[in-house]
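Me: I would like to go through the aromatic contacts and the cysteines of one structure. Please keep the reasoning short.

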Amino acid sequence: GIWGIYVIFKVFGPFGAGTSMVLSILIGALYDEWAEPFTRYSFLAHFLGVSGEICGGAGGWIMSYCIGREILLHFAKERMATLQKEMEKFQGSMFRYMLFLRVSPLFPNWFVNYATAMIGMPFQYFLVASTLAIQPAACMSIAMGSMLRDVGESGLDLVKMAKRGTMMAATMALLSLPLIPADDWSKGLD
């Protein structure tokens with residue numbers, strides 16, 4: 001049921017804006033099956049959260065591809081122009097641009113789901129970039145839900161919470177490294 005709600009909120013973007021994080025935390029709090037023994041991170045919760053995000057985003061992309069052109073061009077003409085302009089900075093690499101859109105706060109997630117179908121983004125690039133870019137946020141929010149479940153079941157243990165928080169931060173940093181553009185890597189190393 002939660003997975004279906006997650007997908008529906010992602011497909012109908014603006015109506016479910018802001019629900020991804022809340023539903024991911026809820027999934028992390030409710031599911032502890034297939035947990036990794038050391039951190040107690042649930043791979044079932046991760047699978048549910050990430051697949052809900054990807055399937056919902058793909059549903060929004062497909063819906064927009066089929067019926068969204070006139071609606072987006074009428075109601076979001078300026079945003080569509082900005083999206084097209086930003087694409088020129090990526091020198092023809094549609095995949096890099098899609099990855100940038102997924103991690104950038106420049107456009108809301110629902111708009112990216114809808115608009116990329118209109119600018120000719122290949123569906124495969126959309127799926128792969130979305131899957132890669134959602135990993136850090138999914139890990140963080142599901143781990144937060146797991147921490148909340150543990151606090152509810154066994155009470156507040158600050159030492160345990162600090163250890164898990166440190167592990168969450170390290171995991172988030174590690175998973176975010178591949179999302180840094182190559183140009184920024186070279187500038188940072190100079």
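The questions below concern ring pairs, a charge over a ring, and cysteines in this predicted model.

Me: How many aromatic pairs does the structure hold?
Reply: Rings of Phe, Tyr and Trp count as a pair if their centres lie within 6.5 Å. On that criterion, the number of aromatic pairs in the structure is nine.

Me: Is the pair of Trp61 and Tyr65 stacked or edge-to-face?
Reply: The ring centres of Trp61 and Tyr65 are 5.4 Å apart, with 5 degrees between the planes. Planes under 30 degrees apart count as stacked, and those over 60 as edge-to-face. The pair formed by Trp61 and Tyr65 is therefore stacked.

Me: Which helix holds Trp61 and Tyr65, and about how many helical turns separate them?
Reply: Both residues belong to a helix that covers residues 43-67. Trp61 and Tyr65 are four residues apart in it. The helix is α3, and the separation is about one helical turn.

Me: Which residue of the pair Trp61 and Tyr65 is buried, and which is exposed?
Reply: Trp61 has 8% relative accessibility, and the cut-off for buried is under 20%. Tyr65 has a relative accessible area of 56%, and exposed means over 50%. The buried residue is Trp61, and the exposed one is Tyr65.

Me: Which residues do ring pairs link into a cluster with Trp61 and Tyr65?
Reply: The cluster contains Trp61 and Tyr65, which form a pair themselves. The other members linked by ring pairs are Phe123 and Phe126.

Me: Is Phe100 buried, partly exposed or exposed?
Reply: Phe100 lies in helix α6 (residues 94-103), three residues from Tyr97. Tyr97 is buried at a relative accessible area of 0%. Phe100 has 25% relative accessibility, between the limits of 20% and 50%. Phe100 therefore counts as partly exposed.

Me: Over the face of which residue does Arg79 lie?
Reply: A charge sits over a ring if, for Arg, CZ is within 6 Å of the ring centre and within 35 degrees of the ring normal. Arg79 is at 5.7 Å from the ring centre. The residue is Phe111.

Me: Why is Cys55 not bonded to Cys66, and how many disulfides does the structure hold?
Reply: The cysteine sulfur closest to that of Cys55 belongs to Cys66, and it is 16 Å away. A disulfide needs sulfur atoms within 2.5 Å, so this distance is too far for a bond. Cys55 is partly exposed at 37% relative accessibility, and Cys66 is exposed at 58%. In the whole structure, the number of disulfides found is zero.

Note on methods
Residues numbered from 1 in each chain as written. Predicted model: local features only at pLDDT ≥ 70, side-chain atom pairs only at ≥ 80, totals over all residues. Heavy atoms only, no water. Phe/Tyr/Trp six-rings, centres within 6.5 Å; stacked < 30°, edge-to-face > 60°. Helix = DSSP H or I, 4+ residues; strand = E, 2+ residues; numbered from the N terminus. Buried < 20%, exposed > 50% of the residue type's maximum accessible area, 1.4 Å probe, protein only.
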